[in-house]
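Biologist: I'm new to reading models like this one, and I would love a close look at the salt bridges. Could you start with one network and then work outwards from there?

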Amino acid sequence: MTKKITLKINGTEHTMEVEPRMLLVHAIRENASLTGTHIGCDTSSCGACTILIDGKSAKSCTILAVQADGKEIATVEGLATAEGLHPIQEGFHLNHALHCGFCTPGMMMRAIELLDKNPNPTEEEIRWGIAGNLCRCTGYNNIVSAIQWTSAKMQGKELPSTEPKFV
Amino acid sequence: MIPESFAYSAPTTLDEALALLQEHGDEAKILAGGHSLIPMMKLRFASPTHLIDINNIPGLSYVKEEDGYLKIGAMTKEVEVEESDIIHNKYQIFIDATKLIADPQVRNFGTLGGNLAHGDAANDHPAVMIALGAEIEITGQEGKRTVGIDDFFHGFYTTAVDEGEVLTEIRIPAASGNYGSAYHKAERKVGDYATAGVAAMVQIDDQGRCTRAGIGLTNVSPLPLRAKRSEEVLIGSDLSESVIEQAAQYASEDCSPSEDLRGNEEYKRHLVKVITKRMLKKAISRAK
């Protein structure tokens with residue numbers, strides 16, 4: 001038995017017939033053809049599939065598509081606008097916060113909710129805040145810097161240096 | 001990984017959910033946060049033929065003090081507990097515990113009721129509930145009943161919640177007087193199950209005597225464990241260094257950890273002793 005559901009992804013409604021067992025990440029990638037959301041571990045450990053559901057960061061490999069019926073979903077594709085990059089994208093870019101880029105969409109979507117709830121997080125709060133997202137390239141330091149930079153940018157504060165730091 | 005096929009219902013009242021449970025029997029499973037159940041279904045450890053999603057039923061999510069109890073609705077999400085003012089002011093044990101449960105995305109969905117109803121001794125809330133002396137409200141078509149936490153866990157993935165029933169509320173005797181609580185688990189990495197975890201609660205009178213104490217242990221026994229001898233030595237004592245030492249020693253002796261990838265038995269008993277001492281001291285300092 002399939003079910004007809006409507007997902008509002010980045011402001012656009014996508015109506016689809018899905019089996020109840022279809023995972024949300026597959027509905028987004030395959031039915032809505034938005035492949036910016038990645039599948040990493042497929043066991044809710046790595047966070048590569050992180051999206052926002054009604055503003056809350058979620059691991060879309062562990063949620064059924066039918067559970068998201070009628071909900072507002074935000075994915076990495078919705079971040080940049082005609083005016084330019086979203087501050088979190090700019091932050092990741094300028095702070096060298098990605099190497100291979102596989103974790104980046106999930107990392108940024110998670111950082112958006114983190115900064116939404118706590119606009120001025122400490123380094124420790126950032127590290128706890130991204131505890132559900134694994135990155136195997138950067139060693140996290142530049143990701144933390146990127147989130148600190150974005151926090152400053154979004155609050156109109158003086159921007160920290162984006163010079164590479166050697167630790 | 002994709003689960004086996006199942007039918008899905010999303011009732012909007014508890015009565016509808018109970019009727020569906022009655023109709024489908026043990027082939028049906030309740031879907032709360034889903035962050036334990038869906039991974040098990042993906043791995044095909046669980047293959048219910050009917051999922052009853054109770055996320056659309058209003059009124060099951062709250063944290064409030066009422067009638068001498070802290071009441072937590074079964075569908076209250078970990079993040080809602082983490083952000084509750086009542087919890088921050090009086091029940092810091094939940095702040096300790098939720099921070100160590102999985103990760104922020106999972107805590108956006110995982111529920112307290114689900115954590116308990118899953119019946120996994122490796123979960124963190126069971127030990128917390130044991131330390132705090134919780135009662136669990138279970139609702140079926142015949143009405144509501146209440147089960148004390150010591151009678152709630154029956155075995156691996158089995159609890160007092162029978163076929164056709166739903167866990168609806170968690171009740172904890174409200175904090176009063178000089179009351180303090182704390183939780184910590186040793187874990188290998190974020191999101192891991194506890195190598196060992198200890199929940200502690202104490203209440204102290206104005207003369208410095210311990211009037212109530214609770215100690216719950218995570219993942220060092222087949223069932224979530226109450227450290228009874230530890231509690232007995234604490235209650236009525238002055239909570240001196242030697243009493244705390246004795247309580248921690250009893251906890252380490254009375255658990256029955258099994259060797260696994262997280263460590264051998266001796267190491268886990270050692271952890272129980274060290275963490276019991278630390279959590280008692282933390283609870284005592286919070287009570288003062």
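**A network of charges and its surroundings**

Modeller: Happily! A network of salt bridges links Arg188(B), Asp192(B), Asp260(B), Arg262(B) and Lys268(B). To count as a salt bridge, a side-chain nitrogen of Lys or Arg must lie within 4 Å of a carboxyl oxygen of Asp or Glu. Please keep in mind that this is a predicted model, where local features need pLDDT of at least 70, side-chain atom pairs count only at pLDDT 80 or more, and totals for chains, interfaces and linings use all residues. Residues are numbered from 1 along each chain as its sequence is written, chains are lettered from A and ligands numbered from 1 in the order in which they are written, and side-chain values use heavy atoms, leaving out hydrogens and water.

One of the links in the network joins Asp260(B) to Arg262(B), with 3.7 Å between the closest N and O atoms. How covered are the two partners? Residues are called buried under 20% relative accessible area, exposed over 50%, and partly exposed in between (1.4 Å probe, protein chains only). Arg262(B) is buried because its relative accessible area is 19%, whereas Asp260(B), at 32%, counts as partly exposed.

Over all chains, the structure holds 34 salt bridges, so let's visit a few others. In chain B, Asp96(B) pairs with Arg286(B), the closest N and O atoms being 2.9 Å apart. This pair links distant parts of the chain, since its members sit 190 residues apart: Asp96(B) in helix 5 (residues 92-99) and Arg286(B) in helix 11 (residues 265-287) of chain B. Helices here are DSSP runs of H or I with at least four residues, strands are runs of E with at least two, and both are numbered from the N terminus. Asp96(B) is buried at 11% relative accessible area, while Arg286(B) is partly exposed at 25%.

Chain A offers a pair of its own: Arg21(A) and Glu19(A) form a salt bridge, with 3.0 Å between their closest N and O atoms. Here Arg21(A) is partly exposed at 22%, and Glu19(A) is partly exposed at 33%.

Arg21(A) now leads us to the place where the chains meet. The contact (heavy atoms within 4.5 Å) takes 30 residues from chain A and 29 residues from chain B. About 2,400 Å² is buried between the two chains, and carbon and sulfur atoms give 60% of that area. Buried area is the accessible area (1.4 Å probe) that two parts lose on being put together, summed over both. Arg21(A), Thr62(A) and Trp128(A) are the residues of chain A that lose the most area to chain B, together 27% of what that side buries.

Three salt bridges cross the interface of chain A and chain B. Lys59(A) and Asp103(B) meet in a salt bridge at 2.6 Å, N to O. The interface also has 13 residue pairs in polar contact, both residues being at pLDDT 80 or more. A polar contact is a pair of N or O atoms within 3.5 Å; within protein, one must be able to donate a hydrogen and the other to accept it, and residues adjacent in sequence count only if both atoms are side-chain atoms.

Which elements of chain A face chain B? Strand 3, strand 4, helix 3 (104-117) and helix 4 (123-129) of chain A each supply at least two residues of that side. Strand 4 gives the largest share, four residues. By class, the chain A side has 10 nonpolar, 10 polar and 10 charged residues. For this tally, Ala, Val, Leu, Ile, Met, Phe, Trp, Tyr, Cys and Pro count as nonpolar, Asp, Glu, Lys and Arg as charged, and the others, Gly among them, as polar.

For a contrast, look inside chain A. Its domain assignment, which comes from an automatic or database source, gives domain 1 (3-78) and domain 2 (87-154). Their C-alpha centres lie 21 Å apart, and the contact takes 18 residues from domain 1 and 13 residues from domain 2. The count of salt bridges between these two domains is zero, but there are seven residue pairs in polar contact, both residues at pLDDT 80 or more. Strand 3 (50-53) and strand 4 (56-59) of chain A each supply at least two residues of the domain 1 side that touches domain 2. That side has seven nonpolar, nine polar and two charged residues.
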